[in-house]
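I had a chain to go through today and wanted my notes in one place. What follows is what I looked up, roughly in the order I got to it.

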Amino acid sequence: MATKLPKKRSAAVAPAPVDDGIEDFRRGSAVSSLTRAILDHLHFTQARPLPMATPNDWYMAVAYTVRDRMLDDWINSLYHLRDRGLKIVSYLSAEFLMGPHLGNNLVNLGMMEQAREALTTLGQDLDEVLRQEEEPGLGNGGLGRLAACYMDSLATLRIPAVGYGIRYEFGIFDQEIRDGWQVEKTDKWLRLGNPWEICRPDVAYEVKAGGHTERFTDENGRLRVRWVPNRVVKGVAYDTPVAGYRSGMTDLLRLWKSEAIESFDFQAFNVGDYYGAVHEKVFSETISKVLYPNDEPEIGKALRLAQQYFFVSCSLQDMVRIHLLREENLDTFANSFAVQLNDTHPSIAVAELMRLLVDEHLMEWDAAWQITRAALAYTNHTLLPEALEKWPLPLFASILPRHLEIIYEINRRFLDEVRLVHGADEQRVARLSIIDESGERHVRMAHLASVGSHAINGVASLHTELLKQTVLKDFYDIHPDLFRNVTNGVTPRRWMVLSNPGLSGLIREKIGHGWVTNPDELRGLEALAANRTFQGAWQKVKEENKGILAAVIKERTGIIVDPASMFDVLVKRIHEYKRQHLKVLHIITLYNRIKRDPKADITPRTFIFGGKAAPGYFMAKLIIKLVNSVGEVVNNDPDVADRLKVVFFPDFNVTNGQMVYPAADLSEQISTAGKEASGTGNMKFSLNGALTVGTLDGANVEILEEVGAENFFLFGLTAKEVCDLKCRGYEPRKWYEENQELREAIDQIAAGVFSRGDRNLFQPLVEHLLTRDDYLLLADYQAYIDCQDRVCAVFLDKQKWTEMSILNVARMGKFSSDRSIREYCRDIWHAPPLPL
């Protein structure tokens with residue numbers, strides 16, 4: 001349905017601006033050019049007289065000014081999308097947690113100081129302008145933030161790429177804390193406009209849903225299938241430029257908004273049916289209305305499946321259109337696009353690409369299947385079986401009847417091959433089947449992605465090995481050649497240069513700025529780790545960052561914290577396997593030691609928690625309440641005398657992360673070994689000089705290997721020990737009964753010490769720990785307490801602590817997202833960079 005672009009020119013190069021020796025104020029980066037451009041946008045874009053300009057007007061004017069300076073590179077990049085022989089990476093993700101755009105773009109364009117000076121001449125403060133930006137709430141956590149880091153690295157490395165996702169009208173909820181409980185508020189991130197996006201109403205595709213299929217014979221005698229839907233919506237493209245770091249390359253983030261084919265029924269309106277006149281518009285726009293609807297009720301499941309299919313279908317239709325601008329047919333589609341499925345959410349792409357090739361473009365099944373598998377690759381992000389998406393068969397059939405038929409055929413052929421090559425082991429066949437036949441039948445989306453992809457990768461070395469041994473073991477047994485590991489990474493541009501300018505500036509003074517794109521150069525800091533003068537400068541930066549965070553904590557929570565105390569931080573999505581409640585048990589233990597001996601020598605600590613619980617996840621919400629309830633007691637007990645402070649930092653997101661990571665002394669990475677796929681928060685903390693206390697889980701394993709065991713506080717059971725303990729029969733109550741401090745802490749929670757005498761409030765949590773304890777908090781408790789005692793001893797030795805901090809930063813080069821993208825390009829996508 002999309003409007004066709006003109007056929008490819010012989011040389012895909014955008015027209016260059018005329019160079020007359022005078023800097024174009026729409027393109028130039030000089031302070032004078034920026035000043036004039038900002039004033040022009042206030043006048044011509046915002047239509048505001050200078051005396052009436054609001055803070056948002058100033059932000060919008062600066063944002064448009066910066067976007068102008070991205071457009072030449074962006075338009076050149078769009079031209080290159082039509083270059084024959086150029087491979088484009090298509091990154092399909094349900095989340096893109098980009099964070100605020102303005103600061104990151106100023107860093108990547110090398111214009112931060114010029115923008116600051118231009119605004120100063122206009123009587124404005126850049127930091128205040130930056131604070132005006134609404135963070136796009138297009139993700140929930142690590143998955144979306146990883147996608148954003150990868151888009152930054154793709155552009156920095158000059159890899160032609162398009163990130164495809166959904167333009168959610170309302171993103172992940174804003175979190176407030178009331179009486180210690182999480183309260184979800186609507187995230188109205190678009191309420192004041194979005195200057196970074198460009199709507200492309202001519203790039204739009206129809207997306208079908210529901211109905212039935214019909215067999216028919218076409219005029220050439222070919223047996224075909226026609227999908228007769230009962231709903232059709234339209235997906236409209238909204239484009240956002242993603243600039244690389246001083247690379248001259250700007251890639252494309254293309255998000256889809258759902259709209260009605262006809263938004264207004266004039267006939268219904270004329271007969272007085274005013275609701276009916278706009279019913280189709282309301283229904284259609286629901287698909288891209290909100291990130292992750294609650295999928296507990298059936299209607300929530302249906303909407304979530306519809307969302308996933310909607311953005312995948314639009315994205316694949318867009319790729320087909322672009323490819324046909326370059327080539328005469330789709331035979332070489334896999335040479336044009338490397339399509340990466342970021343977790344199971346976009347895995348319906350396997351069936352949808354087959355439908356497009358077979359039903360719409362009349363390709364033979366075998367040829368279509370070869371193209372589909374060659375184009376698609378799958379990244380798995382979880383080891384939790386319950387997190388591997390499965391859709392009930394009746395629900396799936398009601399929304400995607402044609403795709404279910406295609407999946408049945410894919411499954412039949414795949415299982416026939418398994419039986420032929422690997423023998424008729426029907427138990428293994430059942431485990432490999434895309435259709436789960438046990439109990440209520442389901443479509444297993446991870447299985448579909450695994451069958452339909454030419455590569456499957458985990459996101460940390462331990463995670464990949466556990467994938468091979470557990471959730472995808474049968475696939476590994478029959479196709480070990482498909483499996484790769486690509487350890488996650490984070491971009492140092494946002495997470496160091498932008499977030500921690502003091503540390504970045506100090507490093508730049510000593511070893512230059514090459515580390516921004518080649519973080520291995522951070523190794524140059526090793527020679528300075530024991531230098532007293534450098535340590536003093538390092539400590540000063542940390543103290544300043546802690547002072548900034550302490551002020552914000554007071555402003556948002558009313559809690560006064562001491563920047564001289566250890567900032568002990570645990571910020572991430574709230575989930576039982578991430579074990580925020582193990583941290584709470586540690587706090588209660590320290591509190592009890594003080595109560596037994598008010599003069600006890602306790603290292604002052606500020607415990608900072610942050611993260612959101614899924615709205616329907618009761619236990620996670622109860623953990624948030626527990627944190628705040630314990631904090632209420634500890635923070636107000638005169639015996640504690642401010643040696644311990646507990647803070648729950650509300651609404652943790654990218655913006656707040658940019659303040660928290662640089663201020664942390666201690667990074668808590670305490671998930672049960674074998675449960676975390678990788679984690680990226682662990683990398684951000686270490687890159688900013690925090691020391692890690694953690695288990696051998698996810699990327700912690702590789703961080704420990706890089707920084708050295710002597711610079712990492714390790715505790716807890718290994719993944720194998722966890723498995724062995726559970727196999728032997730784990731009895732959590734036994735651990736509780738045999739450990740006096742643990743028993744005391746849990747009994748206090750149960751007795752209402754931290755809930756104003758209410759013994760029922762935390763009973764579900766206590767009961768679960770004593771009878772099930774799925775994530776082995778009680779088994780790891782004593783090792784954790786002992787490890788934290790070691791942390792205290794080292795923290796008191798400022799010289800030793802600072803040396804360890806410097807060495808952590810010096811040895812974190814591996815965890816740049818640039819390295820991850822290079823590995824994807826080399827091992828999975830086979831996508832070379834665009835030459836300069």
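These entries go from the overall shape to single residues.

**Overall**

I noted before anything else that this is a predicted model. I looked up the secondary structure count and got 34 helices and 22 strands.

Next I checked the size. The C-alpha atoms fill a box of roughly 90 × 75 × 60 Å along the principal axes. For 836 residues a compact globule would have a radius of gyration near 28 Å, and the protein has 28 Å, so the two agree.

How much of the chain is buried? I get 60% of the 836 residues. I also looked at how far apart in sequence the contacting residues are. Of the contacts with a separation of 6 or more, 76% are between residues 24 or more positions apart.

For the surface, I have about 32400 Å² exposed, with 52% of it supplied by carbon and sulfur atoms. Then charges: I count 98 positive and 113 negative side chains. The centres of the two sets lie 1 Å apart.

**Helix H18**

I picked helix H18, residues 461-469, and asked which of its residues are buried. The list is Leu 462, His 463, Thr 464, Leu 466, Leu 467 and Lys 468. I made a note of the lysine and the histidine in that list.

What covers them? The cover includes strand E15 (456-458), helix H19 (473-478) and strand E16 (483-485). Helices H27 (700-707) and H28 (719-728) are also among the covering elements.

**Salt bridges**

I got 68 salt bridges in total and went through a few of them.

Since H19 had just come up, I started with Asp 477 and Lys 473, whose side chains meet at 2.8 Å, N to O. They are four residues apart in helix H19, which means about one helical turn between them. Asp 477 is partly exposed at 38% relative accessibility, and Lys 473 is partly exposed at 37%.

Then I looked at Arg 178 and Glu 176, which form a salt bridge at 3.0 Å, N to O. Arg 178 comes out as partly exposed, at 43% relative accessibility. Glu 176 is partly exposed as well, with a relative accessible area of 32%.

The next pair I opened was Lys 583 and Glu 668, with 2.7 Å from N to O. This pair links distant parts of the chain: Lys 583 sits in helix H23 (residues 580-596) and Glu 668 in strand E20 (residues 666-669), 85 residues apart. Are the two buried or exposed? I find both Lys 583 and Glu 668 buried.

I also looked for bridges that share partners. One network joins Asp 366, Glu 409, Arg 412, Arg 413, Asp 416, Arg 419 and Glu 426.

**Positive phi**

Most residues other than glycine have a negative phi. I therefore wrote down two residues that go the other way.

Ala 47 has phi near 55°, a positive value. I find Ala 47 in the loop between helix H1 (31-45) and helix H2 (55-68). Is Ala 47 buried or exposed? Its relative accessible area is 58%, and the cut-off for exposed is over 50%, so Ala 47 counts as exposed.

Leu 362 also has a positive phi, about 55°, and is not a glycine. Its loop is the one between helix H12 (349-360) and helix H13 (365-375). Leu 362 counts as partly exposed, at 37% relative accessibility.

**Two buried residues**

I looked at Asn 808 in helix H33 (residues 798-810). Its relative accessibility is 0%, so Asn 808 counts as buried. Which residues does it touch, leaving aside neighbours within four places in sequence? I have Ser 686, Ala 690, Leu 691, Val 707 and Asn 711 in contact with Asn 808.

My last stop was Val 630, in helix H24 (residues 618-635). Val 630 is buried too, with a relative accessible area of 1%. Not counting residues up to four places away in sequence, Val 630 touches Val 584, Ile 587, Ile 588 and Phe 754. I checked the distance to one of these: the C-alpha atoms of Val 630 and Val 584 are separated by 7.7 Å, with their positions 46 residues apart along the chain.

Terms used. Residues are numbered from 1 along each chain as its sequence is written. This is a predicted model: local features need pLDDT of at least 70, side-chain atom pairs count only at pLDDT 80 or more; totals for chains, interfaces and linings use all residues. Side-chain values use heavy atoms; hydrogens and water are left out. Buried means under 20% relative accessible area, exposed over 50%, partly exposed in between (1.4 Å probe, protein chains only). Helices (H or I, at least four residues) and strands (E, at least two) are DSSP runs, numbered from the N terminus. Contact means heavy atoms within 4.5 Å. The radius of gyration is taken over C-alpha atoms; the globule rule is 2.2 Å times the number of residues to the power 0.38. Accessible areas come from the Shrake-Rupley method with a 1.4 Å probe; for residues, only the protein chains shown count as cover. Lys and Arg count as positive and Asp and Glu as negative; His and the chain ends are not counted. The place of a charge is taken as NZ of Lys, CZ of Arg, CG of Asp or CD of Glu. A salt bridge is a side-chain nitrogen of Lys or Arg within 4 Å of a carboxyl oxygen of Asp or Glu.
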